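Reader: I am new to this structure and would like to know how its labels are justified. Please set each one against its definition.

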Amino acid sequence: MIRIDRELDVGRPAEAVFDYLIDLRHLTEWQPGVQVAEQTTPGPLAVGSRFRLAMAVDLEGSIDLEARGEQTAVRIAASLQPKGMLRFAESMIRGVVERELPSALEKLREHLESKA
């Protein structure tokens, strides 16, 4: 199992960060491991909304936002479990995640701050 626990400071209000993150179309802009991200239930995001993500791993995670004036602390925690034959390459995948995560988070920051 691969675990991720990172914090990112973004120069945008928490409401703007939340609005960006709940729109799954943005996920593929900054997260290289996501091939498809779409909401499968109609209407706005609400309790019971369903999503489809296509990835090479099983993922369980959370994103927590903390408002800090006009800035927002974004905390990302996740556990990834490679599927199928990829489970034998877990250490290699861990290395890729550790290499790519900083640039993915920087892309997230850039996308969020460019919306200002």
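Reader: What makes the three strands a sheet, and in which order do they stand?

Author: This is a predicted model. Its three strands stand in the order β1-β5-β4 and form an open sheet with antiparallel pairing. Two strands count as paired if there are at least two bridges between them. Nine bridges join β1 to β5, residues 71-82, so the pair meets that cut-off. Within this pair, I4 stands opposite A78 in β5.

Reader: Why are β1 and β4 said to stand at the edges?

Author: β1 (2-10) and β4 (57-68) each have a single partner strand, so one side of each is left without a neighbour in the sheet. On average, neighbouring strands of this sheet are turned by 15° against each other, direction ignored.

Reader: Which helices lie across strands of the sheet, and at what angles do they run?

Author: Helix α1, residues 14-22, lies across β1, β4 and β5 and runs at about 160° to β4. Helix α3, residues 90-114, lies across β1 and β5, at about 20° to β1. Angles are taken between N-to-C directions and run from 0 to 180 degrees.

Reader: What makes up the largest nonpolar core?

Author: This core has 24 residues, and W30 and L108 have the most contacts inside it. To be in a core, a residue must be one of the listed nonpolar kinds, be buried, and be joined through side-chain atoms within 4.5 Å. β1, α1, α2 (27-30), β5 and α3 each give two or more residues to this core. α3 gives the most, with six residues.

Reader: Which residues does W30 touch?

Author: Leaving aside residues up to four places away in sequence, W30 touches Y20, L21, I76, A104, L105, K107, L108 and H111. A touch here means heavy atoms within 4.5 Å.

Reader: Why is R87 called partly exposed?

Author: R87 lies in the loop between β5 and α3. The class runs from 20% to 50% relative accessible area; R87 has 46% relative accessibility and therefore counts as partly exposed. R87 and E66 are 21 residues apart in sequence and 34 Å apart in space, C-alpha to C-alpha.

Reader: What volume does the largest pocket have, and what lines this pocket?

Author: The volume is about 960 Å³. Of its 37 lining residues, L27, Q31, V34, M55 and L59 are the closest to the centre. A lining residue has an atom within 4 Å of a point of the pocket. α3 gives the most to this lining, with eight residues.

How values were computed. Residues are numbered from 1 along each chain as its sequence is written. This is a predicted model: local features need pLDDT of at least 70, side-chain atom pairs count only at pLDDT 80 or more; totals for chains, interfaces and linings use all residues. Side-chain values use heavy atoms; hydrogens and water are left out. Helices (H or I, at least four residues) and strands (E, at least two) are DSSP runs, numbered from the N terminus. Buried means under 20% relative accessible area, exposed over 50%, partly exposed in between (1.4 Å probe, protein chains only). On a 1 Å grid over the protein atoms alone, a cavity is a set of points where a 1.4 Å probe fits but cannot get out, and a pocket is an open set with protein on both sides within 12 Å along at least five of seven lines; lining residues have an atom within 4 Å of a point. Grid points are joined across faces, edges and corners, and a volume is the space filled by probe spheres set on the points.
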